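Me: I'd like to go through this model with you, one question at a time. Could you reason each answer out and finish on the value or name I ask for?

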Amino acid sequence: MSALLLGIGALAALLLLLALGLEIAFSLALVGAVGLFLLGGIPLVTGLLATVPYSNVASFTLVVLPMFILMGELAVTAGMAQKAYVSARAWLGRLPGGLMMTAIGASTVFAAVSGSSVAATTTIGRVSIEEMRRSGYNGGLAAGTVAVAGTLAALIPPSALAVFYALVANQSISRMLMAGLLPGLLSAALFLIAANLTARRFPNLAPLSRERVGWKERLSSLKMTAPFGTLVLIVLGGIYSGFTTATEAAAFGALGALGLLALSGRLSSSALQQALSATARTTCMIFMIIVGGMLFSRFLAFSGVPLALTDFVRGLEISPLAVVVVMMLILTVLGMFIDPVGMTMLTLPFFLPIVMDLGLDPIWFGVLIVLQAELSVITPPIGIHLFVVRQITPDVSLGSIIAGTLPYLFCQFLVLALTIFFPDIALWLPGKLN
């Protein structure tokens, strides 16, 4: 059997293992190791197993991931999500769909200090969904709004998924982080508009609040956002100015979040242990996927599949834009069944060589990947955010929650389309980095 046919067969075996329910990290590692054995025997497998796992994980650059994750965990413990919600409610609560807009606004602010979309969805959901339901909002619409709003943490820096892509694709972490900011803010703005229009169109699903908040209270609520401003200045300000690298900014951000936790009076050994444990679990999961993905990527490189795929695409004589659109369609389907990190690790060995061969910017393509990840966490049957908000509202059916996300899906596809056709939305800010 030729190496190319072996590579194609390995891909089929990988999809079979995923369909059987084996975790993506172990599926990638198993197929990669067996494929390497069939190509080069035991010496090739043992040689790569002795070097690839350690060399890809024992990297100083990878410190950025646990530091950003820890910063988000400490911010949650410090009660920063509740402060963001109260401040957003003071400004947006009286508008049509005001409580939905409040959840979106709070998620946008909280996304600037949390790189985990699941953590953002869980935290904001616990704060906002019950209040929306007490105010007469439809349960599915309330939960669906929070599920969608939580996706902003995957795009607005510091995004763990953006860092993950940069590491795997060997791109600048700083540029990748800054590239997600404008698309993230654009998504947030469109979500706010969608929430307002939905409430105007269906007032029975989202009753208008009768509570009025004066300007004094609104301005006073801005004081609650000072901790966010501090962390954003430390992280994004340091990266944008060139004063710190992304890794240094992540470390300073985690230290700043620890300081804010101490100032909040919530610092304790149990709180710190909980934050560190959650950080360790998430980091280990990502590192395992990186190790498995790297073994699979090495096997693919030896088999020649990426090169053959690149030659095939080059021979189609279609525009690079059409190729990217096809890739996005494939990712849309895969995202229904695979988690965002696994989807990224699975497709990059195939897609990235094509992107580079076509002369497309890998940072821009990375933003498209993250936008697709936003979609994947709210699309059934595996959309993790759907199940997160379902746990918060167990009496609301999954179908109702899915229906509640529909007003926002158009916004996400619109941002994806705009970023595809106008790459400067993603590339303008990274181009200004010092």
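Me: Where along the chain is Asn170 found, between which two helices?
Reply: Happy to start there, with the reminder that this is a predicted model. Asn170 is not a glycine, yet its phi is positive, about 60 degrees. Its place is the loop between α8 and α9 (173-179).

Me: Is Asn170 buried or exposed?
Reply: The cut-off for exposed is over 50% relative accessible area. Asn170 has a relative accessible area of 70%, so this residue is exposed.

Me: Which peptide bond is cis, and what is its omega?
Reply: Look at the loop between α7 (139-149) and α8 (160-169), where Pro158 is found. The cis bond runs from Pro157 to Pro158, and its omega is near 10 degrees.

Me: How many salt bridges does the structure hold?
Reply: One of them joins the side chains of Glu131 and Arg89. Another joins those of Arg133 and Asp395. The count for the structure is two.

Me: How many residues apart are Glu131 and Arg89?
Reply: Their side chains meet in a salt bridge at 2.5 Å, N to O. Glu131 sits in helix α6 (residues 117-134) and Arg89 in helix α4 (residues 80-92), so the pair links distant parts of the chain, with a separation of 42 residues.

Me: Of these two partners, which one is buried?
Reply: Buried means under 20% relative accessible area, and partly exposed lies between that and 50%. Arg89 has 24% relative accessibility and therefore counts as partly exposed. With a relative accessible area of 13%, the buried residue is Glu131.

Me: How many residues apart are Arg133 and Asp395?
Reply: This salt bridge has an N to O distance of 2.8 Å. Arg133 belongs to helix α6, while Asp395 is in the loop between α19 (384-392) and α20 (398-421). The pair links distant parts of the chain, and the separation is 262 residues.

Me: What is the relative accessibility of Asp395?
Reply: Its partner Arg133 is partly exposed, with a relative accessible area of 27%. Asp395 counts as exposed, and that class needs a value over 50%. The relative accessibility of Asp395 is 56%.

Me: Which helix gives the largest share of the nonpolar patch?
Reply: The patch covers about 740 Å² and is made by Leu22, Phe26, Leu30, Val34, Phe37, Leu38, Ile42 and Met288. Leu30 is placed in helix α2, and at 41% relative accessibility Leu30 counts as partly exposed. The largest share, six residues, comes from helix α2 (residues 24-57).

Me: At what angle do α2 and helix α14 pack?
Reply: Two packed helices are described by the angle and the distance between their axes. Here the partner is helix α14 (residues 269-303), and the axes are 5 Å apart. α2 passes α14 in a right-handed crossing. The angle is about 150 degrees.

Me: By class, how many nonpolar residues does the contact of α2 with α14 have?
Reply: Let's sort the residues by class. Six are polar and one is charged. The nonpolar number is 24.

Me: How far apart are the C-alpha atoms of Ala103 and Ser209?
Reply: Ala103 is placed in helix α5 (residues 98-111). Its relative accessible area is 0%, so Ala103 is buried. Ser209 lies 106 residues away along the chain, and the C-alpha separation is 14 Å.

Me: How far apart are the C-alpha atoms of Leu14 and Thr344?
Reply: Leu14 is part of helix α1 (residues 3-19). With 0% relative accessible area, Leu14 is buried. Along the chain the pair is 330 residues apart, and in space the C-alpha atoms are separated by 15 Å.

Me: What is the C-alpha to C-alpha distance of Phe312 and Cys411?
Reply: Phe312 lies in helix α15 (residues 305-315). At 53% relative accessibility, Phe312 counts as exposed. The two residues are 99 residues apart in sequence, and their distance in space is 33 Å.

Me: And what separates the C-alpha atoms of Lys432 and Phe228?
Reply: Lys432 is in the segment after α21 (424-427) and counts as partly exposed at 41% relative accessibility. Phe228 is 204 residues from Lys432 along the chain, and the C-alpha separation is 23 Å.

Conventions. Residues numbered from 1 in each chain as written. Predicted model: local features only at pLDDT ≥ 70, side-chain atom pairs only at ≥ 80, totals over all residues. Heavy atoms only, no water. Helix = DSSP H or I, 4+ residues; strand = E, 2+ residues; numbered from the N terminus. Buried < 20%, exposed > 50% of the residue type's maximum accessible area, 1.4 Å probe, protein only. Patch = residues over 30% accessible without salt bridge, like charges linked within 9 Å, V, L, I, M, F, W, Y side chains within 5 Å. Areas by Shrake-Rupley, 256 points an atom, 1.4 Å probe, with all protein chains shown as cover. Salt bridge = Lys/Arg side-chain N within 4 Å of Asp/Glu carboxyl O. Axes fitted to C-alpha atoms, helices over the stretch in contact; angles between N-to-C directions. Left-handed = near helix turned anticlockwise from the far one by under 90°. Nonpolar A, V, L, I, M, F, W, Y, C, P; charged D, E, K, R; others polar.
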